[in-house]
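Good morning, colleagues. I would like to take a few minutes to introduce a structure that is new to many of you. Please look at the display as I speak.

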Amino acid sequence: MNILCVAAHPDDELFGCGATLRKLKNEGHAIYTCVLCGEVNARHARPDIESLKRVSQNAERIIGIDDSLKYGYENIQFNTVPHLEMVQAIEKAIVRFTPSWVFTHHPSDLNVDHRVCYEAAMTAIRLPQRLSQDLPQTLIRRVFLFEVLSSTDWAAPTERAFQPNSFFDAGATLDTKIQALEAFQGALKPFPHSRSIENVRHLAHLRGAQAGVTAAEAFCLVRDVNL
């Protein structure tokens, strides 16, 4: 299969589904990403742009990402971008990578870019239905929403809170995920920050306990077409 991760920022796919993407890569699937804010220009202590590109590419190589479509939308300003424009940007990734599965953000995240990315991605995945003469209507069979430490865990307690119903065993790939995060300068923070190595492991073990394995990544499965 072709797998596409649609992420707001270039380390979100590492936190949200890095171990799962590596697992799927190991199984022989093609892994692609669409990153809407490739330069994260508002991030505190962000490395210079050339260093950012280098560390991002290194992390992608470790995870096994085959190709990535990156855009330059402004950090923490996605809500100022016309909805149609962002939807069409993600649609270009769908046409380019023809994914069977899509991973993206959860709608309850504190980060506004994550929420807007979710809304645009969920609209964009309807593209095969709108362009049925060019893409199979059943092209995208599964859509998974992931959690991002320090964003999903800060969400308000609403009816849309992150409640996972799908899990991927990360026992064999959790260390690779952490290796990719370590390669991405500035992604990890000192313990007890939620983005520390320790808490990345803690969350994986918690999700693993919920699924009956040593470590896991958890998702909300919101589309599941079995044909």
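**The nonpolar cores**

The largest nonpolar core holds 38 residues, and the members that touch the most others in it are Leu4, Leu36 and Ile94. I should say at once that this is a predicted model. Which elements give two or more residues to this core? They are β1, β2 (30-35), α3 (83-97), α4 (112-124), β5 and β7 (216-224).

Let us take Leu36 as an example. Leaving aside residues up to four places away in sequence, Leu36 is in contact with Ala7, Ala8, Tyr71, Gly72, Tyr73, Phe78, Met86, Ile90 and Cys117. There is also a second core, separate from the one just described, with 32 residues. Cys5, Phe146, Ala187 and Ala215 are among them.

**Strand β4 and its partners**

I turn now to strand β4, which spans residues 101-105. Is this strand mostly covered or mostly open? The strand is mostly covered, with five of its five residues buried.

On one hand, β4 is joined by three bridges to strand β1, residues 2-7, and the two run parallel. Within that pairing, Trp101 of β4 stands opposite Ile3. On the other hand, β4 is joined to strand β5, residues 142-146, by five bridges, again in parallel. Here Thr104 has Leu145 in β5 as its bridge partner. As general background, side chains in a regular strand alternate between the two faces of the sheet.

**Cavity and pocket**

Finally, I come to empty space. How many cavities of 30 Å³ or more does a search of the whole structure find? The search finds one, and the volume of the largest cavity is about 110 Å³.

The residues lining this cavity include Phe15, Glu147, Lys177, Arg207 and Glu217. Two or more lining residues come from each of α1 (12-26), α7 (197-211) and β7. Of these, α7 gives the most, with four residues. By class, the lining of the largest cavity has seven nonpolar, one polar and four charged residues.

The second largest pocket offers about 170 Å³ of space. Thirteen residues line this pocket, and those closest to its centre are Glu147, Thr152, Asp153, Phe162 and Arg207. Its lining divides into eight nonpolar, two polar and three charged residues. Please note that Glu147 and Arg207 line the largest cavity and also lie among the residues closest to the centre of the second largest pocket.

Thank you for your attention.

Definitions and conventions. Residues numbered from 1 in each chain as written. Predicted model: local features only at pLDDT ≥ 70, side-chain atom pairs only at ≥ 80, totals over all residues. Heavy atoms only, no water. Buried < 20%, exposed > 50% of the residue type's maximum accessible area, 1.4 Å probe, protein only. Pairing = 2+ DSSP bridges. 1 Å grid on protein atoms, 1.4 Å probe; cavity = no way out; pocket = protein on both sides within 12 Å on 5 of 7 lines; lining within 4 Å. Points joined across faces, edges and corners; volume = space filled by probe spheres on them. Nonpolar A, V, L, I, M, F, W, Y, C, P; charged D, E, K, R; others polar. Core = buried A, V, L, I, M, F, W, Y, C linked by side-chain atoms within 4.5 Å. Contact = heavy atoms within 4.5 Å.
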